[in-house]
Structures are given as C-alpha cells and as structure tokens.
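Work through the exercises below with the sequence and the 3D structure open. Each task is followed by a solution in steps.

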Amino acid sequence: SPMNSGDVMSPTLSKQEIVPDKYIDAVLDHIARYRLTVFPALQQLPVFSACGPRQIRDVLRECQRQSLISSAPLHHGARYWYLDALGAQACELAEERVGPLSEPAKIRALAMLRFCCLSDRPRRRLTAEELTTAFPVLARVGLPSGYYFDPVGTGRLGLCRVDAGRRGQWDRVVESVRQDIVQHLHRPGFRQFVQAGRFEITVLTVFRQKARRIFESLFRDDQRLPVQVVALPELLPLITS
C-alpha cells in the first residue's frame, strides 16, 4: 500500500532535472500545518494532482537531501515525515516543532491529518495566523491550536479535540468538550458563528465503542452547538505497537 511504501525512493528524475520549488514548498507547508505527514496524505495535495507516486517520492528525497525533512517509523513498517531544523527555519517555526514526535504527539497529529486530509471530505487545519487573518472577529490570545475549516456549503469553522488515550477515561473527554462548548458560547465572535450554524466541535478517538459513549453523553446535553465524534480505528496500531 502507499502507506507502507513510505520512503522507498524510486528515482524518476535525471541528474539534470531539478525538483520545482513549488513542490518542495508545498511539502514543507503541509508538514508544518499538521506536524507530520504520510504518503497517502501527500498524494491528496492539489499541487501533486498530476504527479504519480514516483514523482512525489522524488520530491521527498530532494527535501531529505536538503536536510529539510526526515522520516521515522510510524508503525508496522509504515513511516512518517517531519520537519528538520532547516525545514522548520524555512517555515519560520519554533524549535519545538522540529524532529520526531513523541508517541502521544504522533497520535494527535496523525488523527488531525487523517480527519482533514484522508476522510470523507477535505478540510484544512488552520494556523493561528490564518485564523486571526480570515476571522479577525475571533482573534484572542490563548486560543487552542486545533481549529479547522470545512469548505462544504457556506463553510464551517470547527474545533478538533483528539483523545489520545486508550479505552478508558471517556468521561474526562466528555467533561473537556463540555468546557469547550461553554467557552465558545460565551465568546461573542464564536457566538456569531454558532448562531449562523457555522461552528462545530469534533472529537477524534480510536475506538468505536468509546466514540459511541462520548457521543451519547454529549447528545443528552443542550445541543446549542453541534458536536460530532469520529472513531479512527486506523490509529489503533499506534497505541498497540
């Protein structure tokens, strides 16, 4: 599968050919946005719509040759890519965004990546700068980092919360989401989006049974703000390997 093909780099460019900067920039921006990436997610990038798998691997190999990115094991032979120091510098990111991810950080980042880039429809994780530029009414110090934009229809803003735990502690997730609901309903900027039906909260978790319990608990609450709970069993190998 493409996931398992990982960093197997099959050369398709001659020594005279140069990887276009737009491809390198797209890879760096994508990894900076999600903290990591996997091969199937790269294949979904619009810039690679006319490229085959070998061309994409050439781009990855060139990024690695320039010490912009590196790869590490994800699970069971699969690999992921992350920014090296030069790549983070090119994206003007802080040092803590450099290097391989811890196991909890890897689960959170991969969950967001799969939800935005590899699920039923494309979404876009918003950087803090994009959030305040596109929605200045929401600008506020201390906002969480998991906002995304769903372009379907008139467009919907969302906050993604990732449950990186195991089977238990579903009640803690529910309480955390309830706090998120209260906080956003009390912020005038977000309240405008809620009243227009253009804001939602999404919980990502691994187990379907846990997702069901979280949803049932939240569904009994006052539904002034839509909440969806998405199970991502594809993440199971990360917590069992």
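**Exercise 1. Place Asp221 in the fold and state how accessible Asp221 is.**

Solution. The model is predicted, and the steps below read from it.
- Step 1: Asp221 sits in the loop that runs between α10 and β7.
- Step 2: The relative accessible area of Asp221 is 26%. Buried needs a value under 20% and exposed a value over 50%, so Asp221 is partly exposed.
- Step 3: Arg178 is 43 residues from Asp221 along the chain, and the C-alpha atoms of the two are separated by 8.8 Å.

**Exercise 2. Give the strand order of the open sheet and find which strands stand at its edges.**

Solution.
- Step 1: The open sheet is built of five strands in the order β3-β4-β5-β6-β7, with mixed pairing.
- Step 2: β3 (124-125) and β7 (227-231) each have a single partner strand, so these two stand at the edges, and one side of each has no neighbour in the sheet.
- Step 3: β3 and β4 (residues 147-150) run antiparallel and are joined by two bridges. Arg124 has Phe149 of β4 as its bridge partner.
- Step 4: Helix α8 (residues 170-185) packs on the sheet and touches β4, β5 (156-162), β6 (199-205) and β7. The direction of α8 makes about 165° with that of β6.
- Step 5: Helix α10 (residues 208-219) also packs on the sheet, where it touches β6 and β7. The direction of α10 makes about 170° with that of β7.

**Exercise 3. Work out how β5 pairs with β4 and with β6, parallel or antiparallel.**

Solution.
- Step 1: β4 and β5 run antiparallel, joined by four bridges. Opposite Asp150 stands Arg156 in β5.
- Step 2: β4 and β5 form a hairpin, and five residues lie between them. In the turn, Gly153 has a positive phi of about 65°.
- Step 3: With β6, β5 pairs in the parallel sense over six bridges. Leu157 has Phe199 in β6 as its bridge partner.

**Exercise 4. Three salt bridges are to be described: Asp29 with Arg33, Lys106 with Glu103, and Asp150 with Arg123. Decide which pair ties together parts that are 27 residues apart in sequence.**

Solution. The count of salt bridges comes to 14.
- Step 1: Asp29 and Arg33 meet through their side chains at 3.5 Å, N to O. The two are four residues apart in helix α2 (residues 21-34), which means a separation of about one helical turn. Asp29 is partly exposed at 39% relative accessibility, whereas Arg33 is buried at 7%.
- Step 2: Lys106 and Glu103 meet at 3.0 Å, N to O. These residues are three apart in helix α6 (residues 103-117), again about one helical turn. Lys106 is buried at 4% relative accessibility, and Glu103 is partly exposed at 42%.
- Step 3: Asp150 and Arg123 meet at 3.6 Å, N to O. Asp150 lies in strand β4 and Arg123 in the loop between α6 and β3, so this is the pair that ties together parts 27 residues apart in sequence. Both Asp150 and Arg123 are buried.
- Step 4: A network of salt bridges links Asp29, Arg33, Arg124 and Glu130.

**Exercise 5. Classify the ring pairs Phe135 with Phe193 and Phe190 with Phe199.**

Solution. The whole structure holds eight aromatic pairs.
- Step 1: The ring centres of Phe135 and Phe193 are 5.4 Å apart, with the planes at 80°. An angle over 60 degrees counts as edge-to-face, so this pair is edge-to-face.
- Step 2: Phe135 is in the loop between α7 (128-134) and β4, and Phe193 is in helix α9 (residues 188-195), so the pair links distant parts of the chain, 58 residues apart. Phe135 and Phe193 are both buried.
- Step 3: For Phe190 and Phe199 the centres are 5.3 Å apart and the planes at 65°, so this pair is edge-to-face. Both Phe190 and Phe199 are buried.
- Step 4: Phe135, Phe149 and Phe193 make up one aromatic cluster.

**Exercise 6. Find which charged residue lies over the ring of Phe39 and which over the ring of Phe115.**

Solution.
- Step 1: Arg57 lies over the face of Phe39, 4.7 Å from the ring centre.
- Step 2: Arg123 places its charged end over the ring of Phe115, 4.0 Å from the centre. Arg123 also takes part in the salt bridge with Asp150.

Note on methods: Residues are numbered from 1 along each chain as its sequence is written. This is a predicted model: local features need pLDDT of at least 70, side-chain atom pairs count only at pLDDT 80 or more; totals for chains, interfaces and linings use all residues. Side-chain values use heavy atoms; hydrogens and water are left out. Two strands pair if DSSP finds at least two bridges between them. Contact means heavy atoms within 4.5 Å. Axes are lines fitted to C-alpha atoms, for helices over the stretch in contact, and angles run from 0 to 180 degrees between N-to-C directions. Buried means under 20% relative accessible area, exposed over 50%, partly exposed in between (1.4 Å probe, protein chains only). A salt bridge is a side-chain nitrogen of Lys or Arg within 4 Å of a carboxyl oxygen of Asp or Glu. Rings of Phe, Tyr and Trp (its six-membered ring) pair if their centres lie within 6.5 Å; planes under 30 degrees apart count as stacked, over 60 as edge-to-face and the rest as tilted. A charge sits over a ring if NZ of Lys or CZ of Arg is within 6 Å of the ring centre and within 35 degrees of the ring normal.
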